[in-house]
Amino acid sequence: MKRVLLLLLLFVCAITWACLMSIDFWQRQSVAAPGGIVAEVTYVDQAEFPDVTLYLDVRDESGQLVTGLAESAFSIREDGDVRDITAFIGSGDQPVTAVMLIDHSGSMADGQKMSDAIAAALAFLDELEDGRDSLGVIAFDDAFTVLGDLQVVDESARADLRTSISALQPDGGTSYYDAIYKATSMLKGVPGRKVVLALTDGDDTSSSRTNLGKMIDYVQDSNVVVFTIGLGADVRSAILEQVARETGGQYYEEPSGSDLAQLYTDIARSLQDEYSLTYRSPTPQSDGTTRQVDVVVKTSAGEAVAVGTYAVGGTFVPSLNVWSCAGSAVLLALAAAMLVAPGLYDRVRGRGQLAEAASEPALAPVPPPAPEPSPATPVAATCSACGEALRPGARFCRACGTPQALRDAPRAMVCANCGAALRPGARFCAKCGQRV
Amino acid sequence: MRFDFRRIYIHTVLGAIGGLIGWALTIPLAWLQLGGTLGLFFKDTLIGALAGLAVGMALGAYDGLFASRSFKRLLKGVLLGGLVGTFGGALGLILGEVIFLLGGGGVWPRALGWALFGALVGSAQGISQWSLAKMGYGMLGGLLGGLIGGSTYERLSVLLQMLVSRELGLSVGGAIGLIVLGVFIGGLIGVVEVVLRTAWLRFTRGLLEGQTVTLDPRKKEQTLGAADDCGIVIPGDPDVLRHHAAILRQGNAFVVEPRDGPVLLRGQKEYTAVDSHILRHEDRLQVGKTRFTFLSEQKGGAS
């Protein structure tokens, strides 16, 4: 019982320690935000690490996007180190890479839902710029239909998408997760910021290829951001919110569809109006740490600080440093000394020695010898090779080392020391310990 | 005394030495410039294998250096420890990286990866002595040690970066990280064995004086003697024969039985030879000139 408790205590200690260590209690200080405007890092792209790209939007106090800022308005620090901006894309020039998901399950037949969704999708398409933005469209019910593969928008693609989106009819179940998974697979491997706009009006009812957890893992793994849009009153907002939060996106709720087209227009504009800043990390090693990036934005209306974090993989950094090599040699010597120290201590204290036979009261006092010589007292045998006298029961000759046939050696049936009867084949007395 | 502090201490120091050597082995990897996820995994595999090799070898040396004092067993322990450590270490770090990438960073994935590393490296001692119980103690101890050491690494590295310099934090942080890891893995392997064992021998005279030897409750027979192939080797006593005696398990009890030589048991006042004796808590025994006490947690012992 006691050991189970002790073990439990050990476990609790270890887990508590790990929990303590997972708290970032040496929080790196952010630069104080003076206010006036608000800046937010929307996405950190580290696919090209050590080159890191930050996407951020800047808004004024009323929440309107601030556009037209120049590169000189931004400065970047990673973990306190000032970094140069190596690439900059200003607002309005930001290419959009998106896949739009349109729910056309049976429940979309209620009221204006289907036509609102179609109008919103067309509004989004209208905002995109030919030759720069890329769009893919997937319609889903029980299954999904790719209305348009991910491609750079141009005149003909626009016309094709218009036709196929407008023709959507509500029918069937809702395979929401499958559709997001498919959209992500279309975006996987494409560089830059990648967005899925996922509209639905109800709970996932029929996904067969994936589930919520797997889908989210896949989306995160592919560096894709999902914006979820819940249309109507029957949406499971908790799940849509979770998908958006865990992928770095945003959740929008539209109880009535009337504002849906405006929402899509806003999303398209906010994506195009994001600023992206690329810099090189001062710590290019994959050391498994989480880095904090502060972006200071200075405008005529005021200043703001946006904070982003990203984590690099790696479990451990090997390094080459002469001083640490010398230091480790010293440490190694120290550890070796620590290893032999207990043994030396024993030697000084005189522990670990076998006591001298003379001062040895260990064995039982030898009982008086048996009164009569035992009849089985061994006859002195001699070595078969050299004739040297052998000890009773000896297996080897002491003089020449020739092995002796054990069978030939006479064996005592009674202990020569105390006279007790011996087990057959015994090599010592079970009573007094005397070797036979 | 239940706690064999020397066992824990020596395991701790051995773990530190393993970590230090492991770090030294990974130094050449600093030249390896690999990008991308695949490169990261490749590097993890190498780091895990090298660190596992070093820690496994260091911990595998315990039996040969401090218990049996036999070169043959030292060689066996070091080789097997290194082998198991290499595979376990690589596997542990790869899995840690997978968790890291899935979970998006943080301290826990690394801690879990190193915990797995510790558990697999810790099993090596038990494997080389072919003892399931020791394997279990080692794995549990390594798991806990890896969890603690692995979670401490990042904070330590960040602290050094903050207090001294980024360069130093990154370079020395790695070395200290692996030493801390080795210390906790080694130390906790010792602690868990001492906490969990149900029966053990404490030597009171002879070369092993002050040390304890754990009896594996799963083994039917553990021989006691001077030979390398004994379950419990008694070194440095010329009066101990090669396969002197054996400790057998009968039900829940342990029974000592003489083999090639006599086993003396201390009665009220003096040591007398016994034939086959059911061991009870605090039975004092003598083999050759070496003395030891049997200690157990089994009920029915006179504890």
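Where is A:Leu7 found? A:Leu7 belongs to helix α1 of chain A, which covers residues 2–22. Keep in mind, as you look around, that this is a predicted model. A:Leu7 has 16 other C-beta atoms within 10 Å, and therefore counts as partly exposed, since a buried residue would need 20 or more and an exposed one 12 or fewer. Its contacts reach into the other chain: leaving aside residues up to four places away in sequence, A:Leu7 touches B:Val195 and B:Leu196.

**The sheet**

Let us turn to the open sheet of chain A, where six strands follow the order β8-β7-β6-β9-β10-β11 with mixed pairing. Its edges are β8 (144–152) and β11 (251–254) of chain A, each of which pairs on one side only. From one strand to the next, the twist averages 15 degrees.

Two of the pairings in this sheet can be set side by side:

| Strand pair | Sense | Bridges | Residues standing opposite |
|---|---|---|---|
| β7(A) and β8(A) | antiparallel | six bridges | A:Ile138 and A:Val146 |
| β10(A) and β11(A) | parallel | four bridges | A:Gly230 and A:Glu253 |

How does the chain get from β10(A) to β11(A), and what is the handedness of the crossover? The path goes through helix α6 (residues 237–247) of chain A, making a right-handed β-α-β crossover.

**Helices on the sheet**

Helix α2 (residues 113–127) of chain A packs on the sheet and touches β6 (97–103), β7, β9 (194–200) and β10 (224–231) of chain A. The direction of α2(A) makes about 170 degrees with that of β6(A). Helix α3 (residues 155–166) of chain A also packs on the sheet, with β6, β7 and β8 of chain A as the strands it touches. Here the angle is taken against β8(A), and comes to about 165 degrees.

**A closer look at α2(A)**

The length of this helix can be checked by simple arithmetic. At 1.5 Å a residue, α2(A) with its 15 residues should span 21 Å, and the end C-alpha atoms are indeed 21 Å apart, so the two values agree.

Which residues of α2(A) are buried? They are A:Lys113, A:Met114, A:Asp116, A:Ala117, A:Ile118, A:Ala120, A:Ala121, A:Phe124 and A:Leu125. An α-helix has 3.6 residues a turn, so residues three or four places apart point the same way. The cover over the buried residues of α2(A) includes the strands β6, β7, β9 and β10 of chain A, along with the helices α3 and α7 (260–272) of chain A.

Technical notes
Residues are numbered from 1 along each chain as its sequence is written. Chains are lettered from A and ligands numbered from 1 in the order in which they are written. This is a predicted model: local features need pLDDT of at least 70, side-chain atom pairs count only at pLDDT 80 or more; totals for chains, interfaces and linings use all residues. Two strands pair if DSSP finds at least two bridges between them. Helices (H or I, at least four residues) and strands (E, at least two) are DSSP runs, numbered from the N terminus. Axes are lines fitted to C-alpha atoms, for helices over the stretch in contact, and angles run from 0 to 180 degrees between N-to-C directions. Two residues are in contact if their C-beta atoms, placed from the backbone, lie within 7 Å. A crossover is right-handed if, with the strands pointing away from the viewer, the path from the first strand over the helix to the second runs clockwise. The expected span of a helix is 1.5 Å times one less than its number of residues.
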